[in-house]
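Trainee: Hi! Could you walk me through this structure in simple words?
Mentor: Sure, let's look at it together.

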Amino acid sequence: MQSQSTRATHALRVEGLRKYYGDVRAVDGVDIVVPPGECFGLLGPNGAGKTTTIEVCEGLLTPDAGVVELLGLRWDHDEHELRERLGIQLQETQLGEKLTVEETVRLFRSFYKRGRAVDDVIHVVQLDEKRDARVGKLSGGQKQRLALACAIVGDPDLLFLDEPTTGLDPQSRRQLWDLITEFKRLGRTIILTTHYMDEAEILCDRVAIVDHGKVIALGTPFQLIASLGAEHVVRFGLAPETPPIDEATLRSLDGVRVARAIAGEYELQVGALHQTVPALLAFLAARQLELAQLTTHSATLEDVFVSLTGRQLRDD
Amino acid sequence: MTEQHGDNPLLQLVLVRFREYLREPEALFWSFGFPILLAIGLGIAFRSKPPDVAHVAVVSGAARSAAYVDALRRDRGLAVEALSRDSARVALRTGRVAVVITPGADGGNGVEYEYDDTRPDARTAKLLANDALQRGEGRQDVLGASDRFVREAGSRYIDFVVPGLLGMTIMGGGIWGLGFSIVDQRRKRLLKRLVATPMSRAQYLASYVVSRFVLLTIEAVVLVGASVLFFKIPMRGSWLSIAAIVVISALAFGGLGLLIAARSQTIEGVSGLMNLCMLPMWVLSGVFFSSENFPRAVQPFIKALPLTATNDALRASMLRGVPFAALWPQLGVLALWMTICFAIALKIFRWR
């Protein structure tokens, strides 16, 4: 059985996946291939079909059409073996509030034939001091870490995390990212969903951007951002009463891909700041134009999503 | 990093059941405190008392009034007081006396009894008073009669009600014990999380059966033990057959609890279903009063209810010592409920 997985070339292969709820096409033809050892992210707004996709992969929902193969195994033949080898964290599971941290991890450990020692896992998720605390008394971040402990206690080959840091404070999120990165270093495969672009950029080797049940872009975070044709965005404004600058003139500056005048300011999408910014300053100095303000930011997956859909990734 | 041995999953699941239960003070009260309080309440209401005394009033002022009072006082089953006509009326109306006796009411030697003929205690009081007065006036009995008093355990109300309470406890434990816990776990998506592990679903359900049996054993021993000790409830059948009835009933109600909890996603939903199932049985199945009081036409329906079968079997065994084998109709009803409920529940159970 074990040899089957080592030979399997894909940790996860999804082909033509469809799941409809009445007229709602929650998942509408998704294809994903994830090689072993990769951290793969499904990024998209709420209701994009991320959770439905991941729950079909987890064998918790039956697809209307399509193929799902995990570690070279399929749900209809190999459910028991798959359950032994997958680690799963669901969105919004409330673990038994009256049990302690240790009792909870011990319970989940007991379901797996082989796995990690309870103490070891509690230590890894940094809950040593809370091992005898009731689950109901834990903070949000501690609960998420406990959920992660329950997901990795079976020493899974493939780990599914559905919105692992949603609703957490920045410090707790960073703590969870460290833990997930740690798990990644063991060479295991991780599939995660998120609607945080920074999370996807930090954790994921590759990202699929999902919208309306379809994958609208797929690649490494770097590739996706590069597909914008610009890694950075420069915005500047001139002192009042300055005559306008021609967009074509700006476009001729070194490294500028796109130049636009927006509401009295100028936005340049550029390849490299160290080329464009000195060129811009020299150009302004030569024309004796006074700069009122200048800002730059790196292009993000958010910009990718906006340029693909014309909408923001997050409602807030 | 990896180790080969985890704990036994069934043991862990059963431990979880106990921990969740013992860490919930309300649940502890309902399974132990409530039956004990109920038993104490019943104990006060049905404690051993001397035989009831019938209260009668004689209207004073007539020629024979004093003589009547003397004659009535000779009967120790009567408490007599002499009252004016108006006070006697008031006493009758408020129930302080059962009969008002008016000497010479017809203007001569006769006597008038005033009482409510629909009240058995009033009729008894009238008969006792009449008997005492007739004898006082010199009546001779034609038959020589003597009394032998028999006070048999097993025919009192407390004897009737204790098996009913035991049946009710078994039903409540099975239905509440499974229903709330399972639906709560489904509501919190814990059930879905559990089936995402290699956990055996059979063991998950078995953990409820095992923990219910342990708790039920304690509940039943406390209730029956206290009843035998304090109320001298007879245990004419063997302990083994009573235990067997309890076990079969627990399985039948466990199945019913599982069926009720099979699909509900909210506590409100499952509460409604539980009440829908239990309320008719509380009323119809003879917990506090005999189900024989209901019309003949509905008797077959009442007999088919699991709580009726449990209560009937427990009473037959405890109070009359009916052998286990002779209880097959009740045991059959329970086995049928158990089989049907478990079969349907497992088929339609919503794990996600």
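Mentor: Let's begin at the start of chain A: over residues 1-6, pLDDT stays under 50, and the model has five contacts beyond four places in sequence for them. Here pLDDT is the predictor's confidence in each residue, from 0 to 100, and two residues are in contact if their C-beta atoms, placed from the backbone, lie within 7 Å.
Trainee: What should I do with a low-pLDDT stretch, read it in detail or not?
Mentor: Where pLDDT is low, the predicted coordinates should not be read in detail. This is a predicted model, where local features need pLDDT of at least 70, side-chain atom pairs count only at pLDDT 80 or more, and totals for chains, interfaces and linings use all residues. Residues are numbered from 1 along each chain as its sequence is written, while chains are lettered from A and ligands numbered from 1 in the order in which they are written.
Trainee: And where in chain A is confidence lowest and highest?
Mentor: Helix H1 (residues 2-7) of chain A is lowest, with a mean of 46, and helix H4 (residues 101-111) of chain A is highest, at 95. Helices (H or I, at least four residues) and strands (E, at least two) are DSSP runs, numbered from the N terminus. Chain A as a whole averages a pLDDT of 87, and 95% of its residues score at least 70.
Trainee: Switching topic: which domains does chain A have?
Mentor: Domain 1 (2-222) and domain 2 (229-298), with bounds from an automatic or database domain assignment. Taken over C-alpha atoms, their centres are 43 Å apart.
Trainee: What is the strand order in the open sheet of chain A?
Mentor: The four strands run S12-S13-S11-S14, with antiparallel pairing; two strands pair if DSSP finds at least two bridges between them.
Trainee: Why do S12 and S14 of chain A each have one side without a neighbour?
Mentor: S12 (256-262) and S14 (291-298) of chain A stand at the edges with a single partner strand each, so one side of each has no neighbour in the sheet.
Trainee: How many bridges join S11 and S13 of chain A?
Mentor: Six, between S11 (residues 232-238) and S13 (residues 265-270). Val234(A) stands opposite Leu268(A), and Gly237(A) stands opposite Glu265(A). S12(A) also pairs with S13(A) over six bridges, and there Ala259(A) stands opposite Leu268(A).
Trainee: Last one: how many residues does each chain bring to the contact?
Mentor: Chain B gives 24 residues and chain A gives 27.
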